[in-house]
Amino acid sequence: MVEIYLQEPTLDNQDNFIRTMHLSQQIHHPWLQAPSTPEEYRKYLDKYQASTTNISYLIFAKDNPEQILGVINLNEIIRGCFHNAFLAYYASCYGVGKGVMLQALKLVIDQAFNQLNLHRIEANIQPTNVKSIQFIQRAGFRNEGMAHSYLFIDGVWQDHLRLALLNHGWQVAGY
């Protein structure tokens with residue numbers, strides 16, 4: 001198994017990130033458009049660096065810290081009576097099929113529940129993205145139904161399957 005670590009993105013990661021996302025476009029399309037220009041990367045950084053409600057992590061292998069294996073984001077962290085975050089994730093061409101995404105997701109979930117004290121994490125996935133649905137279900141997420149015309153992706157309002165993981169469910173399952 002590849003040993004990994006998580007790191008919040010910085011400007012120093014820009015060239016490597018853009019290069020990696022260009023090489024990974026085929027595995028991302030049509031489900032997402034990762035930042036792929038310096039301008040898009042800076043907007044991505046601005047969203048996560050100046051925020052208390054959004055956190056982004058780049059995934060690296062300990063034995064190859066130059067290679068970005070994937071990205072996991074906790075978005076729109078809501079407090080009050082909700083204590084929820086929306087999860088986004090994508091592997092790079094270097095991380096696909098190596099088990100690193102599940103390993104990284106478990107680290108992020110642990111932080112979300114045990115350090116950020118969230119009650120639930122929600123993932124919304126297009127129903128045609130079968131591999132992503134299977135992946136998130138392996139992490140313990142449960143189907144909560146369909147959100148119709150949920151997000152505007154690739155020029156179309158896309159339906160999304162709503163899956164969630166509760167803090168209690170995470171602890172009981174012992175992930």
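**Figure 1. The two faces of helix H3 in the predicted model.** Glu-39, Lys-43 and Asp-46 are exposed, and they sit on the face of H3 turned away from its buried side. The buried residues of H3 include Tyr-41, Tyr-44, Leu-45 and Tyr-48. These residues lie on the same side of H3, because they cover an arc of only 100° around the axis. Among the elements that cover the buried residues of H3 are H1, strand S2 (55-61) and S3. The helix itself runs over residues 38-49. Its 12 residues, at 1.5 Å a residue, should span 16 Å. The end C-alpha atoms are 16 Å apart, so the expected span and the model agree.

**Figure 2. Surroundings of Asn-16 in helix H1.** H1 covers residues 14-23, and Asn-16 is part of it. Asn-16 has a relative accessibility of 12% and therefore counts as buried; the cut-off for buried is under 20%. Neighbours within four places in sequence are left aside here. The contacts of Asn-16 are then Phe-60, Glu-66, Gln-67 and Ile-68.

**Figure 3. The hairpin of S3 and S4.** Strand S3 spans 64-78 and strand S4 spans 84-91. The two strands run antiparallel and are joined by 7 bridges. One of the pairs links Leu-74 to Leu-87, its bridge partner in S4. Between the strands of the hairpin lie 5 residues. Gly-80 belongs to this turn and has a positive phi of about 65°. The relative accessible area of Gly-80 is 56%, so this residue is exposed; exposed means over 50%. Val-108 is 28 residues from Gly-80 in sequence. In space, the C-alpha atoms of Gly-80 and Val-108 are 21 Å apart.

**Figure 4. Strand S4 and its parallel partner S5.** S5 comprises residues 120-125. S4 and S5 run parallel, with 4 bridges between them. Asn-84 has Arg-120 as its bridge partner in S5. From S4, the chain passes through helix H4 (residues 100-114) to reach S5. This β-α-β crossover is right-handed. How many of the 8 residues of S4 are buried? The count is 6, so S4 is largely enclosed by the rest of the structure.

**Figure 5. A cis peptide bond before Pro-30.** Most peptide bonds are trans. The bond from His-29 to Pro-30 is cis, and its omega is near 10°. Pro-30 is located in the loop that links helix H2 (25-28) and H3.

**Figure 6. Positive phi at Asn-117 and Ser-149.** Most residues other than glycine have a negative phi. Asn-117 is not a glycine, yet its phi is positive, at about 60°. This residue lies in the loop between H4 and S5. With a relative accessible area of 51%, Asn-117 is exposed. Ser-149 also has a positive phi, near 45°, and is a residue other than glycine. Where does Ser-149 lie? Ser-149 is found in strand S6, which covers residues 142-153. Its relative accessible area is 44%, so Ser-149 is partly exposed.

Conventions. Residues are numbered from 1 along each chain as its sequence is written. This is a predicted model: local features need pLDDT of at least 70, side-chain atom pairs count only at pLDDT 80 or more; totals for chains, interfaces and linings use all residues. Side-chain values use heavy atoms; hydrogens and water are left out. Buried means under 20% relative accessible area, exposed over 50%, partly exposed in between (1.4 Å probe, protein chains only). Contact means heavy atoms within 4.5 Å. Two strands pair if DSSP finds at least two bridges between them. A crossover is right-handed if, with the strands pointing away from the viewer, the path from the first strand over the helix to the second runs clockwise. The expected span of a helix is 1.5 Å times one less than its number of residues. The arc is that of the directions from the helix axis to the C-beta atoms.
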